[in-house]
Amino acid sequence: MKAVMYHYVRPDSGGMPGFRYLHLDNFRRQLDHFAETLGFVSQKAFLDAVENGEENLDGAVLTFDDGLRDHADFAIPELISRGLWGIFYVPTGMYQSGKLLDVHRIHVLLGTAKASDVLDYLKKNISGEHLSHAHVPEYRTLTYAHLSEAQSVTEIKRILNYFISYDHRETVLDGLLAEFVPSSRCDIANYYMTPAEIRSAQASGMIIGNHSVTHPVFSKIAADTQRRELEQSFAFLEDVTGGLKTRTFAYPYGGFHSFNETSEQILGDLGCKFSFNVEPRDILQSDILGRPQALPRYDCNQFAFGAVTIG
Ligand SMILES: [Zn+2]
């Protein structure tokens, strides 16, 4: 069985020249391709398999991260029209703060501003005390002089997602967005599904999963903070949906560096049945039985028609 991960799925960039997304036409082509080649696992068979480890299944399982507006507007209607289902991993912090999550402020920033301008701003405004300790030497030795636009984007993501300490990231991002991004781009109503849409997604046959409160790198935060991120988001989603169908989680960012043994243990304690990592290989029965809180998942760009569209 192959789990496939999607993020933005939309028909255009919404006026952001550097924005990276899967074009809706390619999403449709990819679903046609899966229907012809792999087939899809039914929700019942999937839940039986992941909750009870009963059998090895073939076929695709579709997952969508970040609770995006795109999912309510484009992905879910497309799935419903084809009689398909998906798992939607929704973070919850934006519903409490009224602000875009930092991960998405970075996407909007990179979609709107020139990467070289952002790097210049970071060089001027970040000093040693803004960095998480382990990464200070690495940051100091970085040079940006000969980077292409694409390499600059990668560096900005590394600095903002990994190097900078969480205490300072919010302030630095506030400054960057004020400088480069029109405030209308940061309206949460234009960016995420509403709580009512989350509830109706579940009512129309989708599974709603947990994607934390603030979308942190779990391996960077202490055990009690990890637990709080998971408990609060499960409570919010239980409330919004009137009761989740199952407890499932997807690690923000994904990859083995993005979580640790503590994360898996807490998830098990909280009654989470299965969690997704990002690791490009099939899910085997041995994964479900042996390590249910780190199931492998492919990015959609690893299959035909999944390549990103920019701007
Ligand atoms: Zn995410």
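## Two unusual backbone angles

Tyr253 is partly exposed, because 19 other C-beta atoms sit within 10 Å (20 or more would make a residue buried, 12 or fewer exposed, and partly exposed is in between, with C-beta atoms placed from the backbone). Its phi is near 70°, a positive value in a residue other than glycine. You'll find Tyr253 in the loop between β7 (248–250) and α12 (261–269). Those labels are DSSP runs numbered from the N terminus: helices are H or I with at least four residues, strands are E with at least two.

His215 isn't a glycine either, and its phi is positive too, about 60°. This one counts as buried, because it has 23 C-beta neighbours inside 10 Å. Look for His215 in the loop between β6 (207–210) and α11 (223–241).

## What you're looking at

This is a predicted model, where local features need pLDDT of at least 70 and side-chain atom pairs count only at 80 or more, while totals for chains, interfaces and linings use all residues. Residues are numbered from 1 along each chain as its sequence is written.

## The nonpolar core

Now for the inside. The largest nonpolar core (buried Ala, Val, Leu, Ile, Met, Phe, Trp, Tyr and Cys residues joined through C-beta atoms within 7 Å) has 80 residues. Helix α8 (residues 149–163) gives the most to it, with five residues. Domain 1 (2–98 + 190–310) and domain 2 (114–180) both chip in residues, so this core lies between them; the domain bounds come from an automatic or database assignment.

Val4 is among the residues with the most contacts inside the core. Leaving out residues up to four places away in sequence, Val4 touches Ala60, Leu62, Thr63, Tyr298, Cys300 and Phe303 (contact means C-beta atoms, placed from the backbone, within 7 Å).

Methods:
Two residues are in contact if their C-beta atoms, placed from the backbone, lie within 7 Å.
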